[in-house]
Amino acid sequence: MNATTNETVNADTATETPLLELKDVSTVVNAHTANETKILNGLNLTVYPGDFITVLGSNGAGKSTLFNVIGGNLNADEGDVLLHGKSIKRESEEQRTRFLARVFQDPKLGTAPRMTVAENLLLASKRGQRRGLIPRGLRRHLDEYKTMASTMNNNLENRLNTATGSLSGGQRQALSFLMAVESKPELLLLDEHTAALDPKTSQQLMTATNDRIAADHLTCLMITHRLEDALKYGNRLIVLNAGKITFDVRGEEKKQLTREQLFNFFEDL
Amino acid sequence: MSLITSAIGQGLLWAVLGLGLFLTFRILDFPDMTVEGTFPLGAATAVALIYRGMNPLLATLCAFLVGMVAGLITGLLYTKGRIPILLAGILVMTAAYSVNLRIMGRANLSLLGKSSLFKNDFLASLPQYFDSVFVGLVVIIVVTLLLVFFLNTNLGQAFIATGDNPTMARSIGIKTDRMTIMGLMISNGMIAMGGALVAQNNGYADVNMGIGIIVIALASIIIGEVAFGDLSLTQRLVAVTLGSILYRFVLLIVLQLNFSANDLNLLSAIILAICLLLPRFRKFFHFDRLIERSVRDERNN
Ligand SMILES: Nc1ncnc2c1ncn2[C@@H]1O[C@H](COP(=O)(O)OP(=O)(O)O)[C@@H](O)[C@H]1O
Ligand SMILES: [Mg+2]
């Protein structure tokens, strides 16, 4: 096992061009004050199409900040963010939604509470597109949404016309996930999206997540605090510490990785 | 009977304000004070234009456009300028007062001897007060249908989502600033049009006719909600109009109790306060639990 910040590119991805690159990215908070800190500190990351990367790191390591920089909620103060080789550093959050979708930890963040499940799905199906004065045509999509919702195995398909605010946390988060993946985004960012749920519901959503990513060949970064999930899912695992990637394994090497090894690695930090 | 007809007519005309305010107060979820300025602005614009010989329908449409400009300014101050919405609205409302004086050239401008939307042969043939019922009904039906259409388009859904959860809206690519500005423009356009209608119905425009407008518009929204409860969005729009008419009935009853027209704003505020407090009262006195307990006690005894 070699813990390294260098890119350990394996054979099948070496010829591919990267989907996303972060080059020497730093973000500073409280600039020009005594509390000035670099949350991300010269971070480098290259993501290839089809990568499913699990992201580990202790609280405050900068995981959510990394997602904010990719998503455009926060600017990289130094370095560059590239999509297909082109800089997207200056693009707004709204502009980046044409290739990117996110699910947050808090189920309340991802859905419109007074709108129905079907209305939410319809809204998200137009991710990053122009929204004009054209009738929304909700009824035409109901069958499609029913099928989609039934893949979540939590009775969501029978609540399509319910206001999202009255769903259970698990249903609401499942909906957030469906809204993120239904337009098949080029890049999916999951920020501890199962952490707020009870163990069983959390497990259910995690399984559905993995199935969906595999079926649609989605490229995904998933922050999790569960070592088991980080090991079990995805083709690559990275660990963030103090704003840097301190560990990066993929492919066979990741498959060989054990919980103990990972745990010891954390102890050493 | 004629009092009731008059109340219905007034309720219909003023319902345009409630529907306009609904877009900001209920959908975008913030109170927009601009309306206290845009209502007399619409009145002044329409009356001044008709006074100079413009066609009343065209003048009313001009009032709508001028109202949209006021909404645009509030929207820019709020979204791009990051000024809190209450303050942004108060700024534009205050500025509008001077603009209204400029437009009319004086504090009060009469339409005596001039044309208006309420002056034509057909309306004159109707019994007393039925002219405002007829015009109000036509306006409300057109406005409600347009709103229902708009809110059910992709753009309208993006607008609703912006008010419901702006974080989520942005995360699916909705330009929330643009939606907020658009909502403020349509809302203030409608309220200015309401001002134009009321002024033509009264036969004059007055710079002070905006005072307390927001309370009256809110009253029609809240009364509609208190009276009809849980509804779909389309039904809620209809409820605003019914709420506006109910509000006129309540006012009619109160005015029978020998209050003068000068007490109108006090009465409006009290009526709205009571409607807003109703749900609290229910909780405060624990009506539900009280009833439940008395039933249980009886059973135990
Ligand atoms: N806007 C901010 N201002 C100051 N400190 C911040 C800000 N955002 C995040 N931080 C700090 O940066 C660190 C990393 O935060 P975050 O990326 O949320 O960590 P993680 O998601 O890995 O738990 C934390 O110490 C947090 O307190
Ligand atoms: Mg976090």
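## A look at chains A and B

Ser268(B) sits in helix H12 of chain B, which covers residues 264-284. This is a predicted model, so take what follows as computed from that model. Is Ser268(B) buried or exposed? Ser268(B) counts as buried, because its relative accessibility is 2%, and the cut-off for buried is under 20%. Setting aside residues up to four places away in sequence, Ser268(B) touches Val215(B), Ile216(B) and Tyr247(B).

Arg106(B) makes a handy contrast. It belongs to the loop that links helix H4 (85-104) to strand S1 (108-110) of chain B. With a relative accessible area of 42%, Arg106(B) is partly exposed. Once neighbours within four places in sequence are left aside, Arg106(B) is in contact with Tyr51(B) and Leu101(B). If you want a distance to check, the C-alpha atoms of Arg106(B) and Leu246(B) are 34 Å apart, with the two positions 140 residues apart along the chain.

Now for helix H7 of chain B. How many of the residues of helix H7 (residues 154-164) are buried? The count is 11 of the 11, so the helix is largely enclosed by the rest of the structure. The buried set includes Asn154(B), Gln157(B), Phe159(B), Thr162(B) and Asp164(B). What covers them? From chain A, the cover of the buried residues of H7(B) includes helix H4 (117-125). From chain B, it includes helix H1 (2-28), helix H6 (130-151), helix H8 (166-171), helix H9 (176-202) and helix H11 (233-256).

Zooming out, chain B comes to 13 helices and 2 strands. Its radius of gyration is 21 Å, close to the 19 Å that the globule rule gives for 301 residues, so chain B is as compact as a globular protein of that length. Chain A, on the other hand, has 10 helices and 10 strands. Chain A has a radius of gyration of 19 Å, close to the 18 Å from the globule rule for 269 residues, so it too is as compact as a globular protein of that length.

Here are some whole-chain values.

| Property | Chain A | Chain B |
|---|---|---|
| Span along principal axes | chain A: about 55 × 40 × 40 Å | chain B: roughly 80 × 55 × 30 Å |
| Buried residues | chain A: 52% of 269 residues | chain B: 49% of 301 residues |
| Exposed area | chain A: about 12300 Å² | chain B: about 14300 Å² |
| Carbon and sulfur supply of exposed area | chain A: 48% | chain B: 67% |

Contacts that reach along the sequence come next. In chain A, 70% of the contacts between residues at least 6 apart join residues at least 24 apart. In chain B, residues 24 or more positions apart account for 77% of the contacts with a separation of 6 or more.

On charge, chain A carries 32 positive and 33 negative side chains, with the centres of the two sets 8 Å apart. Chain B has 20 positive and 15 negative charges, and their mean positions are 8 Å apart.

Finally, the records. An unreviewed UniProt entry lists "domain: ABC transporter" at residues 20-267 of chain A. That stretch of chain A is 35% helix and 25% strand, with its end C-alpha atoms 31 Å apart. For chain B, an unreviewed UniProt entry gives "transmembrane region" at several stretches, among them residues 12-28 and 129-151. Residues 12-28 of chain B are 100% helix and 0% strand, and the end C-alpha atoms lie 24 Å apart. Residues 129-151 of chain B are 96% helix and 0% strand, with end C-alpha atoms 33 Å apart.

Methods: Residues numbered from 1 in each chain as written. Chains lettered and ligands numbered in written order. Heavy atoms only, no water. Helix = DSSP H or I, 4+ residues; strand = E, 2+ residues; numbered from the N terminus. Rg over C-alpha atoms; globule rule 2.2 N^0.38 Å. Buried < 20%, exposed > 50% of the residue type's maximum accessible area, 1.4 Å probe, protein only. Contact = heavy atoms within 4.5 Å. Areas by Shrake-Rupley, 256 points an atom, 1.4 Å probe, with all protein chains shown as cover. Lys, Arg positive; Asp, Glu negative; His and termini not counted. Charge placed at Lys NZ, Arg CZ, Asp CG, Glu CD. UniProt positions renumbered as here; feature names shortened; annotations may be inferred.
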